[in-house]
Amino acid sequence: MAAERIFDRAVWVRVRGCGCEERRLNVRVNIELLSISNPVHKKDLAVRLTDDTDPFFLYNLVISEEDFQSLKSQQGLLVDFSAFPQKFIDLLQQCIQEQNKDIPRFLLQLVSSAPALDHTPVSLNVVETNPFKHLTHLSLKFLPGTDAEIKKFLANCLKCLKEDKMMLEEKLKKTEEDLSRQLSYTQQSLAEKSRELDKLKNEWTSYTTALSNKHSQELTSEKERALQAQTQYQQQHEQQKKELENLHQKSIQQLQNRLSELEVINKDLTERRYKGDSTVRELKAKLSGLEDECQRAKQEVLSLRRENTTLDAECHEKEKLINQLQTRVAVLEQEIKDKDQLVTRTKEVLDATQEQKVILEESTEEKQRHIEKLETTIKSLSAELLKANEIIKKLQGDLKTLMSKLKLKNTVTIQQEKLLAEKEEKLQKEQRESQEMGQSLRMKEQEVCKLQEQLENTIQKLEESKQLLKTNENVITWLNRQLSEVQMAKKLDTPASAPAAGRAAGSPLGMPDRPSFHSSGISHPISPLYAFQNFLEPTHSKNGNPQCPVPKVQLNSQLSKLSRCSDAHTVSAAGHAANKENGDQLGLESKYFKKKDDSIPLRGLSQNTLNMEYLRPYLPSKAQLSPKAAGTPASAYFPGS
């Protein structure tokens, strides 16, 4: 006998008994085709009704071809025996689809003649409801199962449960082996990754400390230089501003006086126009005065020619100074080349750091991918374990109910329960180990995040240091530009005020008096550069030593005497820069004279160096300066040099 199962599902059935209220019951309907070959080949339809919660609920129906013919004639069926099973299954499917509705169209009724389902025959009706009446499509009578049939059914259920249990045990063994393999592999990989992380941490900490120390030293040195240059430029600018304001006020007063005189003269001329004869006489008197003035002008021309000869001698001396400045420019170009070399080295170091950063980011991304894969595998394994636990719990409940109702206290079932308890303990251990693995993976992820934050902080510090360097160099270049503009203005003023340099020896501090033209009555202001040259020329004439054109000045002790002219700082700085050409060792190292990577190119270099070399004969040497002034670098006072 061969059995073919064609339908096996739980269906909600309405149970009606004699003198009892209607109730709903979840009944499992099992339909099988039984093929019998001995002695004659024939097929039977076996329908079994069971309840998953009640193992004693069993109703059977076996329909042969002969029985179906009588059923067909009684209930007016229009299908054959071969098509009847499928049509019956279709009716059951429609009942299943309509069972969750409030008013189902198709429903199953289990009708019993007794008050309860107590080993009495029942009939299963497939009923269709319409607004007019209930139509019974099919009614099948089921007989209750005997004790032998119930035992046979329970034995089959137990056999199926054992087979399912064996399958689950095999699956558990496989999953345990896979989990143990994966755990060992993940532990090895985690150990290797932790070693790599420790190495990377040590290397990175050493490298970041070295970089931070180096940049902090460079920043402090650059800040000191920038502050010194800023204070010097501010003092110079304030002094020049005061001098220019004084000269401007004086020139305004002279022009106002001249205007008042011209207005008076204009009034006199208008009055004299109306007086004809009197004006002619006055003009004759003025002609005689003009002739006297002409003679005076001739005398002034002679004096000016003499001054031109002295100016020619000064031009010769200036040509010598230009030659010295050219040598100074060559030295500065060599220093710029050295600065460029240092910039290339710093660029190489930055490129290396960026490459290391890229490598670290790639390694962290690979680690994150690996960790995500491990998490997915652990999640899938945990889901499978949870499913296995649920299945095992269901099996345990079924076994307990069977044991309580059948009262079969067999040793086999006790051993099975023990084995199941051991398996549950093993599963709980595996779950704990998987949770510990997940916690360790989270810790590793947190460590990777911390390393990334440290990387970002170090990169931000590097960028901030670069921006500070850029701002310092921008300030220096702006001050350079301001100096060059002021010095260009001084140079433009020198040709107009140079002829009157011969009459500058009469003022108290070597400052020249304003040249006045007696013929016109107009006096012109003199530029501050011309005044500074004439301030230094008397000392040059008094001191006969050509190597030391000015008296020995101790800046620390005599700055109070020269408070009127704050250019003493620039004098000492320029003298110190001049000694650098003679081979003197300055206070700063050579690396501070080199150009930075992203600095703005220096402008006005030739003008600054020309003005510095022009003043060099009037400046003191290093031996004449105080120790404090001699220790400051020339670049702090003259950024363009």
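Buried means under 20% relative accessible area. At 13%, Lys165 therefore counts as buried. The model is predicted. It holds 13 salt bridges. A search of the whole structure finds zero disulfides.

**Salt bridge between strand E2 and a loop**

- Asp52 and Arg28 pair through their side chains in a salt bridge, at 3.2 Å from N to O.
- This pair links distant parts of the chain, 24 residues apart. Asp52 sits in the loop between strand E3 (42–50) and strand E4 (58–63). Arg28 belongs to strand E2 (residues 23–36).
- Asp52 is exposed, at 53% relative accessible area. The cut-off for exposed is over 50%.
- Arg28 is partly exposed, at 27% relative accessibility.

**Salt bridges within helix H3**

- Glu169 and Lys165 form a salt bridge through their side chains, with an N to O distance of 3.1 Å.
- The two residues lie four residues apart in helix H3 (residues 147–273), so about one helical turn separates Glu169 from Lys165.
- Glu169 counts as buried, with 17% relative accessibility. Its partner Lys165 is buried too, at 13%.
- Glu222 makes a salt bridge with Arg225. Their closest N and O atoms are 3.6 Å apart. That pair meets the definition because the limit is 4 Å.
- Glu222 and Arg225 are three residues apart in helix H3, which means a separation of about one helical turn.
- Glu222 is buried, at 8% relative accessibility. Arg225 is buried as well, with a relative accessible area of 16%.

**A shared network**

- Salt bridges with partners in common join five residues into one network: Arg5, Asp8, Arg28, Glu32 and Asp52.
- Arg28 and Asp52, the pair that links strand E2 to the loop between E3 and E4, are both members of this network.

**Cysteines**

- With zero disulfides in the whole structure, Cys157 is in none.
- How far from Cys157 is the nearest cysteine sulfur? The sulfur of Cys160 lies 6.5 Å away. A disulfide needs the two sulfur atoms within 2.5 Å, so Cys157 and Cys160 do not qualify.
- Cys157 is partly exposed, at 28% relative accessible area.
- Cys315 is also partly exposed, with a relative accessible area of 41%.

Methods:
Residues numbered from 1 in each chain as written. Predicted model: local features only at pLDDT ≥ 70, side-chain atom pairs only at ≥ 80, totals over all residues. Heavy atoms only, no water. Buried < 20%, exposed > 50% of the residue type's maximum accessible area, 1.4 Å probe, protein only.
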